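Here is a short set of exercises to work through with the model open on your screen. Try each task before you read its solution.

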Amino acid sequence: MDWHAILRFIHVTSFATWFGTVFASLFFLKTLEPKLTGPDNDPGDYPMLLQTYIKLETKVADAGFKTAIVSGLLLAFFFHGWTVGIMIKVGIIVLQVALTMGYIIKAIQPLQYPCSRSDYKKWYNLFTISLTMFALVLSITFFLL
């Protein structure tokens with residue numbers, strides 16, 4: 001049995017799951033924007049829908065993230081070794097988590113709905129951080145290492 005191929009498949013699939021949930025959330029938030037912004041809008045149940053979606057999305061994203069990390073560490077430990085490239089990827093992932101969590105705590109959690117469009121754009125800033133870090137990891141993985 002080719003354990004390297006299996007681990008690599010798990011690693012790539014879990015990374016894609018993590019990335020996909022983030023990307024899907026971007027589209028979901030764009031869809032909800034008209035209902036959650038504007039001073040004269042009644043947001044109705046949309047804030048609760050958003051909160052429920054984020055909880056479910058977080059479960060899937062966390063599972064993908066944890067599986068990507070564990071499979072990546074196993075690949076490094078058993079097959080690739082602890083090269084400079086691996087350490088750079090680990091550093092970028094740690095930075096991504098720190099930036100994302102810090103921004104969520106600072107800018108996203110305090111949001112109340114309905115909010116102004118400029119406040120709602122904080123969501124898009126969050127996705128800019130996440131997607132930029134994903135692009136950085138993929139660029140380094142496929143083009144520099």
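**Exercise 1. The pocket**

Which residues lie nearest the centre of the largest pocket, and how many residues line it?

*Before you start.* This is a predicted model, so local features need pLDDT of at least 70, side-chain atom pairs count only at pLDDT 80 or more, and totals for chains, interfaces and linings use all residues. Residues are numbered from 1 along each chain as its sequence is written, and side-chain values use heavy atoms, with hydrogens and water left out.

*Step 1.* Rolling a probe the size of a water molecule over the atoms shows where empty space is left. Here a 1 Å grid is laid over the protein atoms alone; a pocket is an open set of points with protein on both sides within 12 Å along at least five of seven lines, and lining residues have an atom within 4 Å of a point.

*Step 2.* Count the lining: 28 residues, with I54, E57, T58, I104 and L126 nearest the centre.

*Step 3.* Add the volume, which is the space filled by probe spheres set on the points, joined across faces, edges and corners. For the largest pocket that comes to about 830 Å³.

*Step 4.* Assign the lining to helices (DSSP runs of H or I, at least four residues, numbered from the N terminus). Helices α1, α2, α3 and α4 each give two or more residues to the lining, and α2 gives the most, with eleven.

**Exercise 2. The core**

Find the largest nonpolar core and say which helix gives the most to it.

*Step 1.* Start from burial: buried means under 20% relative accessible area, exposed over 50%, and partly exposed in between (1.4 Å probe, protein chains only). A nonpolar core joins buried Ala, Val, Leu, Ile, Met, Phe, Trp, Tyr and Cys residues through side-chain atoms within 4.5 Å.

*Step 2.* The largest such core has 27 residues, and W18, L50, Y113, Y120 and W123 have the most contacts inside it. Two or more residues come from each of α1 (3-36), α2 (46-80), α3 (84-108) and α4 (117-144). The top contributor is α4, with nine residues.

*Step 3.* Look around Y120, taking contact as heavy atoms within 4.5 Å. Beyond its neighbours within four places in sequence, Y120 touches L29, L32, E33, L36, T37, Y113 and C115.

*Step 4.* Now turn to α2, where the buried residues include L50, E57, A61 and G64. Their cover includes α1, α3 and α4. Just after α2, G81 takes a positive phi of about 85°.

**Exercise 3. Aromatic pairs**

Work out which ring pair ties together parts that are 116 residues apart in sequence.

*Step 1.* Apply the rule: rings of Phe, Tyr and Trp (its six-membered ring) pair if their centres lie within 6.5 Å, with planes under 30 degrees apart counted as stacked, over 60 as edge-to-face and the rest as tilted. This gives eleven aromatic pairs.

*Step 2.* One of them is W18 with F134, edge-to-face at 4.8 Å centre to centre and 75° between the planes. W18 lies in α1 and F134 in α4, so this is the pair in question. Both residues are buried.

*Step 3.* For another case, take F23 and F27: their ring centres are 5.1 Å apart and their planes at 90°, so this pair is edge-to-face too. These two residues both lie in α1, four residues apart, about one turn of the helix. F23 counts as partly exposed, at 35% relative accessibility.

*Step 4.* Put the pairs together: F15, W18, F19, F23, F27, F65 and F134 are linked into a cluster.

**Exercise 4. Polar side chains**

What does the side chain of Q96 reach, and at what distance?

*Step 1.* Q96 is found in α3 and is buried, with a relative accessible area of 2%.

*Step 2.* Its contacts beyond four places in sequence are W18, S130, M133 and F134.

*Step 3.* A polar contact is a pair of N or O atoms within 3.5 Å; within protein, one must be able to donate a hydrogen and the other to accept it, and residues adjacent in sequence count only if both atoms are side-chain atoms. The side chain of Q96 reaches the backbone oxygen of S130 at 3.4 Å.

*Step 4.* Try H4 in α1 the same way. H4 counts as buried at 18% relative accessibility, and its side chain makes a polar contact with that of H80 at 3.1 Å.

Terms used: 1 Å grid on protein atoms, 1.4 Å probe; cavity = no way out; pocket = protein on both sides within 12 Å on 5 of 7 lines; lining within 4 Å.
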